[in-house]
Amino acid sequence: MAGETTVEERSIEVTPTWAVATVCLILISVSVLIEHLLHLLAKYFNKKKKSSLIQTLHKIKSDLMMLGFMSLILTVSEKRISNICIPKSMAETFLPCGTMDSDDYSEEELKCLEQGKVSLLSRQGVNQLQYLIFVLAFFHSLSCVLTFSLGMAKMRSWESWEAETRTLEYQFTNDPRRFQFTHQTSFGKRHLRFWSEHSRLLRWPACFLRQFYASVSRTDYLTLRRGFITAHFAKESHFNFQRYINRALEKDFGMVAGMSWWIWIISVLFIFFNAQGFYNYLWLPFIPLVMLLVVGTKLEGIITQMCLDSHGKSQVVIGPLLVRPSDHYFWFNWPKLLLHVIHLVLLQNSFQLAFFAWTWYKFGLRSCFHEKTEDIIIKIVLGVAVHMLCGYVTLPLYALVTQMGSSMTNAVFPESVARGLKRWRGRARKNLRTNDYYSARPSSFDDASVSLDASLSLDASPSFSLHPSYSVDRERDPPSDLKDTKFVAAEIDDGQVGKRHQKI
């Protein structure tokens, strides 16, 4: 028809070389800049002795590399995917917008139409899918970083509580010679109420509401700290419980920030349920919120249950009220299960926000994906609320309560001490193979009743079980039986000792 013009895309063979070189230079510059920033971040973590965060950074890099391979595979197989033809009856099911009308067809789609079929995924759809994959991964990593940063900021307020345990006023208040009823203790006054002692039906609603105000109180922190130290160390041990929680949470962050195979399966299911017939805006955004509230209620219930168990054993206590850590307080006797649930919550919530941002950018705010105003409001409000609630309430509560399991992880030692112990262990094993001297003399560690898990690795989290009569003290001289050992790690506090090692 007259007046119509056909616009064809130019290939690289008719493009000026300076234009191609300019685009390549910009891509290389941006890539080098990002790599340099990641390298500076790794150097900062190394300077601060945050090996767990360095491993997390490497995991994020590997995830980005995997995304690059996925994008490469989609680019290479773009034409082959478009050539796959399916019946129209199948193509008209599970549509996100309820219709599949289109006036723009590619060459592959026209071939399928000639056969009375429809292309499985057009070239334009493959290109849009690449954008969606990167947006999902970016939002997931960003949401994890922001949520854990918010949780760590909230946990900094616990430093004043930890410093209080070294004051004379705290020692006088918690005099071990004082007799008192459990109801008279501050921990008992907080948890031994009518709703907790006489009605299980009232206990859980009360625990549900408690997570919204003073979810972690000073009394809860000091009581759980005292129970942890009493179970694993000597009572007079000056163990920094707040730093231990931070180190343990940094290790857990590496697991949450990664993109494992089951995460991708959930993302595929999330995309599947965005079909119009599922009415997902009425139920899908509420799933992360409900799961997060259930986790918070369970954590508050664990604190209350530990108080009830201590009260049930004796109504009169000598000194402060003590709680006994145990795995049976947690679901399936597995404290780390709560971390997987939090991981799932952050994943699904970040995917919802990413999908909303991607559809807004690609198709506009009032596209078929967001036809109703309540859909937009629900997704934005719940998405932000879940991240705030998880970072400021649930995550600090998880970091504290999960230490009340039956065992403690190797995060109990600072990074320098953990490296020193592994080096000493390696030297000891080597000496045992070459010298029978150690087999002729009993080790002083047997007298100290120390039991260490045989697998000390940075990737795993072995458990330690220490007899109450033994405490880690960096000022105490090593046993005389270790005089012949070539190296012993003597660092306990990174902030006070630094890089100090003692050679015996």
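# Exercises on a Predicted Protein Model

Buried residues make up 44% of the 504 residues in the protein chain. The model is a predicted one. The chain contains 21 helices and six strands. Of the contacts with a separation of 6 or more, 80% join residues that are 24 or more positions apart.

## Exercise 1: The nonpolar cores

Identify the residues that touch the most other members of the largest nonpolar core, and state which helix gives the most to this core.

**Solution.**

Step 1. The largest nonpolar core has 65 residues, and Phe228 and Phe241 touch the most other members.

Step 2. The elements that give two or more residues to this core include helix H2 (51-76), helix H6 (123-155), helix H12 (218-232), helix H13 (241-257) and helix H17 (373-401). H17 gives the most, namely 12 residues.

Step 3. The surroundings of phenylalanine 241 may now be listed. Neighbours within four places in sequence being left aside, phenylalanine 241 is in contact with Glu162, Tyr221, Arg225, Phe228, Leu400, Gln403 and Met404.

Step 4. A second, separate core has 19 residues, among them Ile133, Ala137, Ile263 and Ala354.

Step 5. A general tendency provides the background: in soluble globular proteins, nonpolar side chains tend to be buried together.

## Exercise 2: The packing of two helices

Determine whether H2 and H6 are roughly parallel or roughly antiparallel, and describe the residues of their contact.

**Solution.**

Step 1. The angle between H2 and H6 is about 175 degrees, and their axes are 10 Å apart.

Step 2. Angles over 145 degrees count as roughly antiparallel; therefore H2 is roughly antiparallel to H6.

Step 3. On the side of H2, the residues that meet H6 are Leu67, Gly68, Met70, Ser71, Leu74 and Thr75. On the side of H6, their counterparts are Val126, Leu129, Gln130, Ile133, Phe134 and Ala137.

Step 4. Sorted by type, the residues of this contact are eight nonpolar, four polar and no charged.

Step 5. Two of the H6 residues in this contact, Ile133 and Ala137, also appear in the second core of 19 residues.

## Exercise 3: The disulfide

Name the cysteines that form a disulfide, and explain why the disulfide is called left-handed.

**Solution.**

Step 1. The count of disulfides comes to one. Cysteine 85 and cysteine 112 form this disulfide, with their sulfur atoms 2.0 Å apart, and the cut-off is 2.5 Å.

Step 2. The torsion about the S-S bond is about -75 degrees, and the disulfide is therefore left-handed.

Step 3. Cysteine 85 belongs to strand S1 (residues 85-87) and cysteine 112 to helix H5 (residues 107-114), so the bond ties together parts that are 27 residues apart in sequence.

Step 4. The accessibility of each partner follows. Cysteine 85 has a relative accessible area of 22% and is partly exposed, whereas cysteine 112, at 1%, is buried.

Step 5. Two other cysteines can be classified in this way. Cysteine 24 is partly exposed at 40%, while cysteine 207 is buried at 2%.

## Exercise 4: Contacts between residues distant in sequence

State which residues serine 406 and tyrosine 131 touch, not counting residues up to four places away in sequence.

**Solution.**

Step 1. Serine 406 is located in the loop between H17 and helix H18 (415-434). With 42% relative accessibility, serine 406 counts as partly exposed.

Step 2. Beyond its sequence neighbours up to four places away, serine 406 touches His232, Ser326 and Asp327. Serine 326 is 80 residues from serine 406 in sequence, yet their C-alpha atoms are 4.4 Å apart.

Step 3. Tyrosine 131 is part of helix H6 and is partly exposed, with a relative accessible area of 43%.

Step 4. With residues up to four places away again not counted, tyrosine 131 touches Trp358 and Lys362. Tyrosine 131 and lysine 362 are 231 residues apart in sequence, and 9.6 Å separates their C-alpha atoms.

## Exercise 5: Backbone torsions in a loop

Give the value of phi for phenylalanine 332 and for asparagine 333, and decide whether phenylalanine 332 is buried or exposed.

**Solution.**

Step 1. Phenylalanine 332 lies in the loop between strand S4 (316-318) and H16, and asparagine 333 also lies in the loop between S4 and H16.

Step 2. Phenylalanine 332 has a positive phi of about 55 degrees, although it is not a glycine. For asparagine 333, likewise not a glycine, phi is positive at about 55 degrees.

Step 3. The relative accessible area of phenylalanine 332 is 74%, so this residue is exposed. Asparagine 333, with 48%, is partly exposed.

How values were computed
Residues are numbered from 1 along each chain as its sequence is written. This is a predicted model: local features need pLDDT of at least 70, side-chain atom pairs count only at pLDDT 80 or more; totals for chains, interfaces and linings use all residues. Side-chain values use heavy atoms; hydrogens and water are left out. A nonpolar core is a set of buried Ala, Val, Leu, Ile, Met, Phe, Trp, Tyr and Cys residues joined through side-chain atoms within 4.5 Å. Buried means under 20% relative accessible area, exposed over 50%, partly exposed in between (1.4 Å probe, protein chains only). Helices (H or I, at least four residues) and strands (E, at least two) are DSSP runs, numbered from the N terminus. Contact means heavy atoms within 4.5 Å. Axes are lines fitted to C-alpha atoms, for helices over the stretch in contact, and angles run from 0 to 180 degrees between N-to-C directions. Angles under 35 degrees count as roughly parallel, over 145 as roughly antiparallel, 65 to 115 as roughly perpendicular and the rest as oblique. Ala, Val, Leu, Ile, Met, Phe, Trp, Tyr, Cys and Pro count as nonpolar, Asp, Glu, Lys and Arg as charged, and the others, Gly among them, as polar.
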